[in-house]
Amino acid sequence: MRRLTLAVCLLGYLVTVPQYASCLETAAPTGLGGEASLGDRHRFVVEDMLRFCQPEPGFWVDLGAGRGQVALPLIERTENPVIMLDPNEQAMAKGLEIARERDIAHRLFAVVGVAEAMPFPDNSVDLLVSRGSIFFWDDPVQGLREVHRVLRPGAHAYIGGGAGSRFPREATERLVQMRRERLEGPEAERWQRFVELRCPEQMEAWAAAAELPEYTVLGKGAITIDPEMGQGVWLLLKKPSNP
Ligand SMILES: C[S@@+](CC[C@H](N)C(=O)[O-])C[C@H]1O[C@@H](n2cnc3c(N)ncnc32)[C@H](O)[C@@H]1O
């Protein structure tokens, strides 16, 4: 299995990464790291992913997985294996290292690649999740088309960014307040762009341009709290069972 994973990684890298990897971690304003002091948001996001997607066990993908911030709690919560896909191999190597420390390395796999050209067969993925990544893709519309292609009919994808609907309200309010203050600070322009990318209108525009047949945009964005969804914006999409 390990050899097969390595082979898939290498193939994915050679075929797809060079044309799309220019966007690595660009455009993120500084100051995001300080938000970690508010507490870990990923396990709350995982709960929303499971609640909205109701996935079948099987082939699950964390797209733009980074260090497995979503993949790791998703495995711990469900015991289903997860494949990380990301152009940043060092980040995923760190995720694999953490998985070994937590004794779940046999359930976490890494594939080097990009959303815009996923090295997966059509109609094969039972759940695709992606947090904090679409905003960095070179071509989000092509990425969403790819998500739709790889999903199994009847399966869901949950893509976007945010803290999770059950992230404690006080911490959510503090997060939003910190970001609003940054819109007035020295990096105002970059924060403005950050907020513009993470708004429901932008998500709606990408989904419509990708001609997704069945989707819902959830949440009100990066600096607005939705009573149901908390802070953030998400695209919930379903591949119709009989396309
Ligand atoms: C802010 S990190 C998010 C990491 C993690 N998912 C989380 O929730 O904390 C964004 C990730 O998107 C990845 N990324 C950038 N461009 C990408 C692309 N075209 N396709 C897939 N992932 C991409 C980056 O390498 C990075 O690991």
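The expected span of a helix is 1.5 Å times one less than its number of residues. Keep that rule at hand as we walk through this predicted model, starting with helix H4. This helix covers residues 89-101, and its 13 residues should therefore span 18 Å; the C-alpha atoms at its ends are 19 Å apart, in agreement with that expectation.

Now look at which way H4 faces. Met92, Gly95 and Ala99 are its buried residues. Because these three cover an arc of only 50 degrees around the axis, they sit on the same side of H4. The general background is that an α-helix has 3.6 residues a turn, so residues three or four places apart point the same way. On the face turned away from the buried side of H4 you will find the exposed residues Gln90, Ala93, Arg100 and Glu101. What do the buried residues of H4 pack against? Their partners are helix H3 (71-78), strand E2 (82-86) and strand E3. After H4 comes aspartate 103, with a positive phi near 70 degrees.

Helix H2 can be read in a similar spirit. With 12 residues (42-53), H2 should span 16 Å, and its end C-alpha atoms are indeed 16 Å apart, so the two values agree. Its buried residues are Phe44, Val45, Val46, Asp48, Met49 and Cys53. The cover over them includes H3, E4 and strand E5 (151-162). Just after H2, glutamine 54 has a positive phi of about 40 degrees.

From the helices we can turn to the core. In soluble globular proteins, nonpolar side chains tend to be buried together. Here, the largest nonpolar core has 60 residues, and Ala71, Met84, Val125 and Leu128 have the most contacts inside it. Take valine 125: leaving aside residues up to four places away in sequence, it touches Phe59, Val61, Phe120, Val150, Leu151, Arg152 and Ala155.

Strand E4 (125-131) is also one end of a loop worth a visit: alanine 117 lies between strand E3 (108-112) and E4. Is alanine 117 buried, exposed or partly exposed? It counts as partly exposed, because it has 16 C-beta neighbours inside 10 Å; a buried residue would need 20 or more, and an exposed one 12 or fewer. The C-alpha atom of alanine 117 is 7.3 Å from that of glycine 143, although 26 residues separate them along the chain.

Finally, the ligand. Of the 23 residues around it, those that come nearest are Gly64, Gly66, Gln69, Arg131 and Ser133. By class, this shell has 12 nonpolar, 6 polar and 5 charged residues.

How values were computed:
Residues are numbered from 1 along each chain as its sequence is written. This is a predicted model: local features need pLDDT of at least 70, side-chain atom pairs count only at pLDDT 80 or more; totals for chains, interfaces and linings use all residues. Helices (H or I, at least four residues) and strands (E, at least two) are DSSP runs, numbered from the N terminus. The arc is that of the directions from the helix axis to the C-beta atoms. Two residues are in contact if their C-beta atoms, placed from the backbone, lie within 7 Å. A residue is near a molecule or strand if its C-beta atom, placed from the backbone, lies within 6 Å of it. Ala, Val, Leu, Ile, Met, Phe, Trp, Tyr, Cys and Pro count as nonpolar, Asp, Glu, Lys and Arg as charged, and the others, Gly among them, as polar. A nonpolar core is a set of buried Ala, Val, Leu, Ile, Met, Phe, Trp, Tyr and Cys residues joined through C-beta atoms within 7 Å.
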